[in-house]
Amino acid sequence: MNFRLLISSLALASVSTTFAGTRDISPNLFGVFFEDLNYAADGGLYPELVQNRSFEYSPSDVNWGTNPHNNWYYFTSWAMERKDGICTISLESASPLHKNNPHYLRFKGLTAGPEGVGIRNDGFDGIPVNKGEKYDFSVWTRLVKSPSLPMRVTLSEKGNIISDTTVTISNKDWCKHSFVIIPKADADSASLMIRFMKPATVDVDMVSLFPQNTFKGRKNGLRKDLAEIIAALKPKFVRFPGGCLTHGDGLDNIYDWKRTIGPVEQRRGDKNIWNYAQTFGLGYFEYLQFCEDIDAKAIPVVAAGVSCQNSARKRGTGQEAIPMEEMDKYIQDILDLIEYCNGPATSEWGSKRAEAGHPASFNLEYIGIGNEDHITPAFEERYRMITDAVHAKYPDIKIIGTSGPLDSGEDFDAGWQIARTSNTDIVDEHFYKGEEWFRNNLNRYDKYDRKGPKVYLGEYASWGSKLSNALAEAAFMTGLERNGDVVEFASYAPLLGRIGHCQWNPDLIYFDGRNVYPTVNYYVQQLFGTNSGDKIIDGVFANDVNYASCVKDSNTDDIILKMVNLTNEPKPIAARLPSLKGYDTQAALTVLKGESLDDTNGQGTPGKISPENSGLKVSRNFVYPMPPRSLSVVRIKKQ
Ligand code: AHR
């Protein structure tokens with residue numbers, strides 16, 4: 001049949017579909033999951049430009065067996081800077097500036113020479129700076145020998161000095177020195193040098209170079225371009241801080257939120273389960289502030305009293321459980337977290353939030369307990385203890401449980417079974433699959449029980465960044481919308497990947513020190529996030545169409561259709577809408593498409609695929625010719 005004939009026969013056929021009215025769906029369906037993986041935090045969203053600023057990187061952060069991070073130790077990213085002078089550096093811990101920041105560098109300059117001697121930091125693959133912008137420089141020092149000392153702080157790239165400031169220090173106790181640096185040229189890969197201009201012995205810690213131009217201009221804030229590209233997804237929620245990072249590599253590595261708040265020099269860092277270190281410069285306060293800034297609900301996840309089952313590289317069998325005698329304290333920490341988020345500024349933990357500059361509550365509504373855990377008796381016992389305690393003290397907080405790492409199987413069934421018989425409102429599902437799986441499971445949630453706990457699809461992605469992957473995800477997401485009465489939340493994972501430092505691929509957004517590179521999959525997420533609704537309109541498409549959805553957004557009353565063509569041929573799709581009285585029948589059309597299903601947006605190059613905007617004349621019954629290999633979004637605006 002030719003295309004025109006097909007369209008007219010579809011137009012006739014569409015009249016016979018049943019328009020079955022509207023159903024409420026989750027108004028918060030699409031959001032993001034942020035985990036410090038792939039240098040997503042330090043070297044990523046947290047824009048500190050000095051790497052290993054407090055000399056706390058440790059060889060024990062790294063699993064040397066599988067990841068030959070060259071040179072991962074207390075002086076990673078640091079080097080001595082000595083032209084004509086003689087100096088040594090050593091790592092000390094006898095009297096640190098704070099017990100949570102135990103190591104510092106002792107610098108001994110025996111001779112200084114005309115250029116001075118000191119230390120140099122090369123940041124994360126070099127330090128990028130912009131001409132004329134302001135950067136807060138700070139360093140903690142303590143003079144051990146020398147009454148006073150000129151300290152010269154220089155930014156330079158390939159020998160070109162782009163900022164140069166000298167101050168005199170004379171403090172015999174730990175003291176922070178701060179000033180603003182304004183580079184006189186752009187640099188992609190500068191180095192920061194701290195040189196001492198006379199022979200001296202001086203202790204150094206917490207060296208920081210931090211852009212003032214952060215997201216929303218916040219102090220200790222977030223990297224602007226990365227925060228903006230996340231915000232542009234219009235996520236309704238942010239799940240954080242992990243992932244496997246949350247339940248950690250063994251009990252000692254379970255994410256401890258209390259370590260992540262307060263002055264940054266007092267936050268005790270930790271190893272990162274993904275084989276590097278976490279400084280916690282990006283901590284709970286910063287996460288919560290970010291959620292508020294982008295109008296997204298915060299979904300913190302805490303460990304369910306057990307560590308990751310892959311701890312100590314024992315794949316699947318490494319789960320460790322917090323001893324029962326320590327569970328009261330662990331549960332109290334979780335209750336304290338909720339108080340930190342929501343408690344009055346006069347409460348013990350609410351006052352710490354107020355001290356950080358946010359006396360008002362962050363209005364936390366959800367908490368995740370556990371992350372794709374192996375569902376063992378030890379897990380279940382602790383999960384029930386935690387959920388009972390949270391529910392008893394905070395009955396309004398909705399609890400999100402877990403169903404293991406796979407889309408089905410023993411852990412999946414056991415996780416769901418526990419959820420049905422405990423204080424669990426929502427169950428977190430995770431699956432990473434081939435694109436065919438997504439195409440074959442567009443109806444996954446059609447048969448889910450509408451009376452039990454709801455679903456949070458907390459982590460999903462097809463294995464790839466090609467257009468075919470993105471479209472398979474898009475088609476699957478129309479199924480999430482059609483089932484938005486049972487699927488409360490969904491988030492693609494992982495979110496960020498620093499090029500050259502990824503432990504996990506694919507990721508939604510790639511970046512380097514200067515640029516961000518959205519994948520095709522990113523644009524799918526963005527089109528769904530910016531065109532979400534809170535009602536599904538059933539019966540718009542013929543019943544066997546499982547690659548399209550139609551929602552209504554009560555805020556605007558706009559009607560939004562999403563249609564996915566996974567094939568290499570144009571494909572007409574018939575739509576039958578409810579009355580369009582009061583609507584502008586000249587609709588906005590946005591299409592994401594490509595020349596080949598294998599197209600990708602690449603990493604480190606500007607992408608070739610991005611959404612294109614145009615218009616479309618619609619009527620109550622219309623046939624839309626879906627372009628080959630495309631996601632089309634039609635927004636019919638209420639006038
Ligand atoms: O998203 C990457 C990882 O995938 C998460 O840390 C974990 O929850 C899952 O295995």
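**Aromatic pairs, nonpolar cores and ligand surroundings**

Phe438 has a relative accessibility of 0% and therefore counts as buried, the cut-off for that term being under 20%. This value, like those that follow, was computed from a predicted model. Phe438 offers a good way into the aromatic rings of the structure, to which the text now turns.

A pair of aromatic rings is described by how far apart the centres are and by the angle between the planes. In this structure, 44 aromatic pairs were counted. One of them joins Phe237 and Tyr456 in an edge-to-face arrangement, with 5.3 Å from centre to centre and 85° between the planes. Phe237 belongs to strand E14 (residues 237-240) and Tyr456 to strand E21 (residues 454-462), so this pair ties together parts that lie 219 residues apart in sequence. Phe237 counts as buried, because its relative accessibility is 0%. Tyr456 is buried too, with a relative accessible area of 1%. Phe438, met at the outset, pairs with Phe431; this pair is tilted, with a centre-to-centre distance of 6.2 Å and 55° between the planes. Phe431, at a relative accessible area of 1%, is also buried.

Ring pairs also build a cluster, which links Phe34, Phe240, Tyr255, Trp257, Phe280, Tyr284, Tyr287, Tyr340 and Trp349. One member of this cluster, Trp349, has a charged neighbour: Lys352 lies over the face of its ring, at 5.1 Å from the ring centre. Another such arrangement involves Tyr547, where Lys571 lies over the ring face at 4.1 Å from the centre.

In soluble globular proteins, nonpolar side chains tend to be buried together. Here, the largest nonpolar core holds 151 residues, and Leu480 and Leu561 have the most contacts inside it. Leaving aside neighbours within four places in sequence, Leu561 is in contact with residues including Val540, Phe541, Ala575, Leu577, Phe622, Val633, Val634 and Ile636. Ser549, Cys550 and Ser632 are also among the contacts of Leu561. A second core, separate from this one, has 35 residues, among them Leu49, Phe55, Val139 and Ala187.

Finally, the ligand has 13 residues around it, of which Glu35, Cys244, Glu372, Tyr432 and Glu459 come nearest. Three of these can be followed down to the atoms. Cys244 takes part through its backbone, where an N or O atom lies 2.8 Å from an oxygen atom of the ligand. With Glu372, an N or O atom of the side chain is 2.6 Å from a ligand oxygen atom. The side chain of Tyr432 likewise places an N or O atom 2.7 Å from an oxygen atom of the ligand.

Terms used: Residues numbered from 1 in each chain as written. Predicted model: local features only at pLDDT ≥ 70, side-chain atom pairs only at ≥ 80, totals over all residues. Heavy atoms only, no water. Phe/Tyr/Trp six-rings, centres within 6.5 Å; stacked < 30°, edge-to-face > 60°. Helix = DSSP H or I, 4+ residues; strand = E, 2+ residues; numbered from the N terminus. Buried < 20%, exposed > 50% of the residue type's maximum accessible area, 1.4 Å probe, protein only. Lys NZ or Arg CZ within 6 Å of the ring centre and 35° of its normal. Core = buried A, V, L, I, M, F, W, Y, C linked by side-chain atoms within 4.5 Å. Contact = heavy atoms within 4.5 Å. Near = heavy atom within 4 Å. Polar contact = N/O pair within 3.5 Å; in protein donor to acceptor, adjacent residues only side chain to side chain.
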